[in-house]
Amino acid sequence: MTAQYAKDYVAFSYRVQPKTEIKDSDVVFVGYGIVAPEKGWNDYAGLDVKGKTVVVLVNDPDWQTPETKGEFNGRAMTYYGRWSYKYEEAARQGAAAVLIVHDTEPAAYGWNVVESSNTGPNYLAESTDGGAKETVANGWIQLPKAKELFASAGQDFDKLRDAAKVKGFKPVALTGVKANFGFDNVIAKKLSRNVIGVLPGAKRPDEYVLYTGHWDHLGRCTPVAGDDICNGAVDNASGIAGLVTLAQAFKTPGAPDRSVVFLAVTAEESGLLGSKFYAENPVFPLAQTVGGVNMDALNAIGPAKDIVVVGGGKSELDAYVAKLAKLEGRTVKQEPTPEKGFYYRSDHFSFAKLGVPMFNFGSGDELVEGGVEAGKKAAEDYEKNRYHAPGDEYEAITNWDGMMSDLRLYYAAGRMLAMTDAWPNWVEGDEFRAARDKSRAGK
Ligand SMILES: [Zn+2]
């Protein structure tokens, strides 16, 4: 069987080397490719995948459950469901290559997104080992091609996909199938910077509360009406303006008990690279970082009656959100589409993954003026006409009151964390709890 690049599959390498080559590698289907000790789940149990190519399913085993309860939070996506996790786990297991089977519903986006985001340049943070711990090749394969691949080994894809949803699933070798990859890589190095400021705490300066926002945007982009500058006024000049405003607001009344760190990260739009780099090479130890607030694209559509919590139910920070909402007379709502895994798509995730609990909440779509209808309309308009487009301009922000309301809450959230001696953790069974327990125990 041959597969056509971009049409049937995409593949690339996280290793910094001019040539990628894999010859006659055995192919194994590893179900969802998940190793979750806290759930007693191991799709790689008893399997040595060194030098092999693993084929994995996107999302996590209970994604079709209508509720958000279950071993993997039902239809809400867990980190185990994200493509980046599949690559990381395969690399930890020592696999030569990993291919994710694309399926629009569980992926939450079509093949067009996979194709467009994987066939251009890929940005990676520089590593000291040149990516030696990564798999040799990563990629995606279209669903019909995957079915063909399984059939060529005498296996029924649909049957194995069902089997993979059940705990205790055993990986299946695609006997007789060998994978070959070969492509050249063009490597270029670029420099960018994170910018950081700290307000030392008055009582416990070695404990830190973190505010983050990304300062990068897209630069030149596809022109609309002759304008090819993507300014990123909302995404994320608004977040950076918020960061500076909060720094001033913290300084005026005097430092709180704990230190407050204001971090503007680079290259969020290229895959959360600046925040990932900081989290892996922190200026202030993560074990001493209590938690924080990430600001990415603040409310530019007017004050809302509600607050939407992204990734709600994951950490003890939820209790703070409930208190905060009251300060502005707003109600708390859970995110409407947890299956899209938004919690894993901005900078707070880089910290969550290494155990630091991070707030992620903002205005919902129930506006003070015009209610849900007006909010939905404004959100759709942003998505269609401004998001990652030249139309995301300063002039398009016509109402600042919602942003101010959210910022007052972000201030209060940070102030609360900076004045308590509590160490909020992830809830029992959450995928990030083990990382936090380990980091706090080893400090
Ligand atoms: Zn953004």
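This tour goes from the two domains to one sheet, the helices lying across it, and a pair of helices further along the chain. The model is predicted.

**The two domains**

Start by colouring residues 9-184 and residues 195-441 separately; the domain assignment gives these as domain 1 and domain 2. Their centres, taken over C-alpha atoms, are 30 Å apart. Now look at where the domains touch: 15 residues of domain 1 and 16 residues of domain 2 make the contact. On the domain 1 side, nine of the residues are nonpolar, three are polar and three are charged.

**The sheet**

Next, show the strands as a cartoon. Six of them form an open sheet with mixed pairing, in the order 1-7-6-5-2-8. Select residues 9-12 for strand 1 and residues 172-184 for strand 8. These are the edge strands, and each has a pairing on one side only. Direction ignored, neighbouring strands of this sheet are turned against each other by 25° on average.

Strands of a sheet pair through backbone hydrogen bonds, either parallel or antiparallel. For one pair inside this sheet, select residues 19-29 (strand 2) and residues 53-57 (strand 5). The two run parallel and are joined by three bridges. Within the pair, pick Val28, which stands opposite Val54 of strand 5.

**Helices across the strands**

Add residues 83-92, which are helix 1. Helix 1 lies across strand 5, strand 6 (97-101) and strand 7 (137-141), and runs at about 150° to strand 6.

Then add residues 143-152, helix 4. Which strands does helix 4 lie across? They are strand 1, strand 5, strand 6, strand 7 and strand 8, and the helix runs at about 130° to strand 8.

**A helix pair**

Move on to residues 317-327 (helix 8) and residues 401-419 (helix 11). Their axes come within 10 Å and cross at roughly 135°. Helix 8 and helix 11 are therefore oblique to each other, and the crossing is right-handed.

Show side chains to see which residues make this contact. From helix 8 they are Tyr320, Leu324 and Leu327; from helix 11 they are Leu409, Ala412, Ala413 and Met416. How do the residues of this contact divide into nonpolar, polar and charged? Seven are nonpolar, with no polar and no charged residues in the contact of helix 8 with helix 11.

Methods
Residues numbered from 1 in each chain as written. Predicted model: local features only at pLDDT ≥ 70, side-chain atom pairs only at ≥ 80, totals over all residues. Axes fitted to C-alpha atoms, helices over the stretch in contact; angles between N-to-C directions. Helix = DSSP H or I, 4+ residues; strand = E, 2+ residues; numbered from the N terminus. Parallel < 35°, antiparallel > 145°, perpendicular 65-115°, else oblique. Left-handed = near helix turned anticlockwise from the far one by under 90°. Contact = placed C-beta atoms within 7 Å. Nonpolar A, V, L, I, M, F, W, Y, C, P; charged D, E, K, R; others polar. Pairing = 2+ DSSP bridges. Domains from an automatic or database assignment.
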